[in-house]
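Colleague: Could you take a close look at one part of this model for me, and walk me through what you find there?

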Amino acid sequence: MGRGMADGRAFEEEAALIVALKAGDRSAFERAVVRYSPKMIATARAIAGPAVAEDIVQDAWLTVFKQIERFEGRASLATWLSRIVANRAISHLRAHAREVSPSQDQSDGADADAFDRTGSWAVPPTQWNLDSPDALLEAEGLRDCIEQHLLLMPDNQRSVLVLRDMHGAPFEEICNDLGLSASNVRVLLHRARMGLLKMIDHFEVSGEC
Amino acid sequence: MLTCREVTALASSRLDGELSLRKRLAIRVHLMMCIHCRRFQRQFRLLVEAARRHGLDGAVVGSEFATRVMTSLDAARTEASTKPTSGH
């Protein structure tokens, strides 16, 4: 119940903020920039890399300033902002010839030698000491490894992973944003998750990225 | 009977709720008998949940960034207000 009330208050606060933004209230923009930029920069960084993340978000705020009147409130403000940033970050990748192209590799992302010829585990998964999402994220050094791993991932895998798992975007929207087929998006997502799993597994065993 | 490799390859579809009842049951039967696949599925779920929580965290942003954005918004505002209205 307490949470419900808190959610209700947050909803009202956001509704009031949107009204003020639509009215062009400068202090409302200032509040919104401080409040939402951290997540927007994280999105831009994950998709397009740290070097250009702040520039992308700065441009995104200009778009917000010009288009806030068109915001209809079908998604939350945070989701709308994230999508503007994701689209800009993807455009940036395209413009810099880091083409978000369909994956040619349709394999399932598993190590070739993880399974034997009958399809049973040849190298079974190791037991992890980190047994909760929070433990994973709080493990000394692992968060940095995840960030590093994301940056080294192929652009199309990273974009799909960020949009789907980190921002909960629907598959249909990801297909539209990236111009990829539904099956390709699913293949890329699975490969990205498998890659991340392998990296964490390696970290568990060796303590290194 | 699904192999470990097949069950592993279906991990994402399973997590994203995209499998038929028949496939889900086949996976369940396999998991009942296979400790390695149970461990894999648990780790896979853990990882996706961690990615989701990681995504909820924002980057650390210095106050100078907000200042920079506000300066550019002020410039856009000035530009918009000094633009001659259409028809003049």
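Modeller: Sure, let's take helix α5(B). With 20 residues at 1.5 Å each, α5(B) should span 28 Å, and its end C-alpha atoms are 29 Å apart, so the two agree; the expected span is 1.5 Å times one less than the number of residues. Helices here are DSSP runs (H or I, at least four residues; strands are E, at least two), numbered from the N terminus. Bear in mind that this is a predicted model, where local features need pLDDT of at least 70 and side-chain atom pairs count only at pLDDT 80 or more, while totals for chains, interfaces and linings use all residues. Residues are numbered from 1 along each chain as its sequence is written, with chains lettered from A and ligands numbered from 1 in the order in which they are written.

As for cover, α5(B) has hardly any: two of its 20 residues are buried, meaning 20 or more other C-beta atoms within 10 Å of a residue's own, against 12 or fewer for exposed and partly exposed in between, with C-beta atoms placed from the backbone.

Now the partner chain. In total, 35 residues of chain B are in contact with 41 of chain A, contact being C-beta atoms, placed from the backbone, within 7 Å. On chain B, α1 (4–9), α4 (35–56) and α5 (63–82) each supply at least two residues of the side that touches chain A. It's α4(B) that gives the most to that side, with 15 residues.

Conventions
Two residues are in contact if their C-beta atoms, placed from the backbone, lie within 7 Å.
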